[in-house]
Amino acid sequence: NPSDPELALRKKAILTETKKRLGLLPKYISRKEWFNVIDELNRYMYETRGAVRNLAQTPEQKKIAGDFFKSIEEVTLQATLKNQDKCAAAVDASIKNLDTFSASL
């Protein structure tokens with residue numbers, strides 16, 4: 001049931017775990033452990049996308065969610081290209097966008 005308050009709490013817990021996992025990425029990037037960056041994103045971002053899509057209700061929240069998805073995709077791209085500076089910048093943008101989205105809830 002989408003209106004279940006317990007569902008919203010579970011989705012918010014997913015966002016909390018996502019922030020924790022995004023916080024691990026700068027360490028991997030500094031060590032140029034590209035496989036860890038990509039694996040960390042692949043491991044949990046499926047759940048994150050579902051949670052963000054479920055929680056985004058207003059047009060503004062949906063725009064912020066889109067920005068978050070684009071920044072995560074940029075992290076994956078730059079990790080694949082092994083571009084350390086751009087990957088780190090994309091991680092910072094992802095964390096900022098996730099914080100903005102969480103604050104809008």
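Colleague: As what does Glu17 count at 23% relative accessibility?

Modeller: This is a predicted model, in which local features need pLDDT of at least 70 and side-chain atom pairs count only at pLDDT 80 or more, whereas totals for chains, interfaces and linings use all residues. Residues are numbered from 1 along each chain as its sequence is written, and side-chain values use heavy atoms, with hydrogens and water left out. Buried means under 20% relative accessible area and exposed over 50%, with partly exposed in between, for a 1.4 Å probe and protein chains only. Because Glu17 has a relative accessibility of 23%, this residue counts as partly exposed.

Colleague: With which residue does Glu17 form a salt bridge whose closest N and O atoms are 4.0 Å apart?

Modeller: A salt bridge here is a side-chain nitrogen of Lys or Arg within 4 Å of a carboxyl oxygen of Asp or Glu. Both partners lie in helix α1, three residues apart, about one turn of the helix, where helices (H or I, at least four residues) are DSSP runs numbered from the N terminus. The partner is exposed, with a relative accessible area of 55%. With the closest N and O atoms 4.0 Å apart, the residue paired with Glu17 is Lys20.

Colleague: How far apart are the closest N and O atoms in the salt bridge of Glu40 with Arg21?

Modeller: Glu40 and Arg21 are both buried, and they belong to a network of salt bridges that also includes Glu17, Lys20 and Arg43. In the salt bridge between Glu40 and Arg21, the closest N and O atoms are separated by 3.0 Å.

Colleague: Which helices are tied together by the pair Glu73 and Arg49?

Modeller: These two residues form a salt bridge with the closest N and O atoms 2.8 Å apart. Glu73 is partly exposed at a relative accessible area of 42%, and Arg49 counts as partly exposed at 27%. Since the two residues are 24 apart in sequence, the pair ties together distinct parts of the chain, with Glu73 lying in α3 and Arg49 in α2.

Colleague: Which residues of α4 are exposed on its other side?

Modeller: Helix α4 runs over residues 84-104, and its buried residues are Cys87, Ala90, Val91, Ser94, Asn97, Leu98 and Phe101. They lie on the same side of α4 because they cover an arc of only 130° around the axis, the arc being that of the directions from the helix axis to the C-beta atoms. What covers these buried residues includes α1, α2 and α3. On the other side of α4, the exposed residues are Asp85, Lys96 and Ala103.

Colleague: Which helix gives the most to the largest nonpolar core?

Modeller: A nonpolar core is a set of buried Ala, Val, Leu, Ile, Met, Phe, Trp, Tyr and Cys residues joined through side-chain atoms within 4.5 Å. The largest one has 27 residues, and those with the most contacts inside it include Leu22, Leu41 and Phe101. At least two of its residues come from each of α1, α2, α3 and α4. With eight residues, the helix that gives the most to this core is α2.

Colleague: Where does Lys82, which has a positive phi of about 60°, lie?

Modeller: Lys82 has this positive phi although it is not a glycine. Its relative accessible area of 56% makes Lys82 exposed. The place of Lys82 is the loop between α3 and α4.

Note on methods:
The expected span of a helix is 1.5 Å times one less than its number of residues. Contact means heavy atoms within 4.5 Å.
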